[in-house]
Amino acid sequence: MSTEIKPKDFGEGSSSTRSEQNQQLVSAPAPLSRYESQKRRDWNTFGQYLKNQRPPVSLSHCNCNHVLEFLRYLDQFGKTKVHLLGCVFYGQPDPPAPCTCPLRQAWGSLDALIGRLRAAYEENGGSQENNPFGNGAIRVYLREVKDCQAKARGIPYKKKKKRKLPSKINDQEVKFSKQST
């Protein structure tokens, strides 16, 4: 005597089967945000880059030099024209004609990438103290890229000045000193 097990239809079955089915639907992971998707993709790309090194580099042996090499490697896929010092369009924000200067990764893209990788490193078990993406050498490199690209485009990045808000005490002191003179 053989017993045949038929798959149940959603309409069939007991309430326990329905609750199991509902729980499966509810426990499905929510889709990742754009930031989380980018962070995961960047993390996987960096991991693949380390594996492709000769000899391969494990994440535990990764340091800021590997990160800097990765950023330089990414330059070949850049879309931002960065004029060289000898180019006739160096320092011009909108050059009138094409030139042979290289395409590079934009500073803002690299800065955002490092932020995502820094967060991913810690989410994947790395300690904040040993995070190679937070190393001072990375910040120096990003600052140099920013300055170089700003000069090449002729558009300086200006730091926003913090406005000093007058306090009530200072206002009262000023009023008092005016009255006494």
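The protein chain contains six helices and two strands. The model is a predicted one. Read from the N terminus, the elements of the chain follow the order α-α-α-β-β-α-α-α. Of the 181 residues in the chain, 27% are buried. Among contacts between residues at least 6 apart in sequence, 59% join residues at least 24 apart.

The arrangement of helix 2 and helix 3 was examined next. Helix 2 comprises residues 34–51, and helix 3 comprises residues 64–74. The two helices pack with their axes 11 Å apart and at an angle of about 105 degrees. Because angles from 65 to 115 degrees count as roughly perpendicular, helix 2 is described as roughly perpendicular to helix 3. On the side of helix 2, the contact is made by Thr-45, Phe-46, Tyr-49 and Leu-50. Helix 3 contributes His-66, Val-67, Glu-69, Phe-70 and Tyr-73. In terms of side-chain character, the residues of this contact divide into six nonpolar, two polar and one charged.

Helix 3 holds a number of buried residues, namely Cys-64, His-66, Val-67, Leu-68, Phe-70, Leu-71 and Leu-74. The elements that cover these buried residues include helix 2, helix 4 and helix 5, the last of which spans 136–153. Tyr-73 also belongs to helix 3, but this residue counts as partly exposed because its relative accessibility is 36%, a value in between the limits of under 20% for buried and over 50% for exposed. The C-alpha atom of Tyr-73 is separated by 9.9 Å from that of Gln-105, a residue 32 positions away along the chain. At the N-terminal end of helix 3, Asn-63 acts as a cap. A side-chain oxygen of Asn-63 lies 2.8 Å from the backbone nitrogen of Asn-65.

The loop between helix 2 and helix 3 includes Pro-55. The peptide bond that leads from Arg-54 to Pro-55 is cis, with omega near -5 degrees. In general, most peptide bonds are trans.

Charged side chains were then considered. Side chains of opposite charge can pair when their charged atoms come close. A search of the whole structure finds four salt bridges. Within helix 2, Lys-39 forms a salt bridge with Glu-36, and the closest N and O atoms of the pair are 3.2 Å apart. Lys-39 and Glu-36 are three residues apart in this helix, about one turn. Lys-39 also takes part in a salt bridge with Glu-123, for which the closest N and O atoms are 2.5 Å apart. This second pair links distant parts of the chain, since Glu-123 lies in helix 4 (residues 107–123) and Lys-39 lies in helix 2, 84 residues apart. Glu-36, Lys-39 and Glu-123 are thus linked in a network of salt bridges.

The members of this network were also assessed for their accessibility. Lys-39 counts as buried because its relative accessibility is 4%. Glu-36, at 30% relative accessibility, counts as partly exposed. Glu-123 is exposed, with a relative accessible area of 54%. The network therefore joins a buried lysine to one partly exposed glutamate and one exposed glutamate.

A further salt bridge is formed where the side chains of Asp-75 and Arg-104 meet, at 3.8 Å from N to O. Asp-75 lies in the loop between helix 3 and strand 1 (80–81), whereas Arg-104 lies in strand 2 (residues 103–104), so the pair ties together parts that are 29 residues apart in sequence. Asp-75 is buried, with a relative accessible area of 15%. Arg-104, in turn, is partly exposed, with a relative accessible area of 29%.

Another acidic residue of interest is Asp-42, which is located in helix 2. Asp-42 counts as buried because its relative accessibility is 10%. When neighbours within four places in sequence are left aside, Asp-42 is in contact with Leu-113, Arg-116 and Leu-117.

How values were computed
Residues numbered from 1 in each chain as written. Predicted model: local features only at pLDDT ≥ 70, side-chain atom pairs only at ≥ 80, totals over all residues. Heavy atoms only, no water. Helix = DSSP H or I, 4+ residues; strand = E, 2+ residues; numbered from the N terminus. Buried < 20%, exposed > 50% of the residue type's maximum accessible area, 1.4 Å probe, protein only. Contact = heavy atoms within 4.5 Å. Axes fitted to C-alpha atoms, helices over the stretch in contact; angles between N-to-C directions. Parallel < 35°, antiparallel > 145°, perpendicular 65-115°, else oblique. Nonpolar A, V, L, I, M, F, W, Y, C, P; charged D, E, K, R; others polar. Polar contact = N/O pair within 3.5 Å; in protein donor to acceptor, adjacent residues only side chain to side chain.
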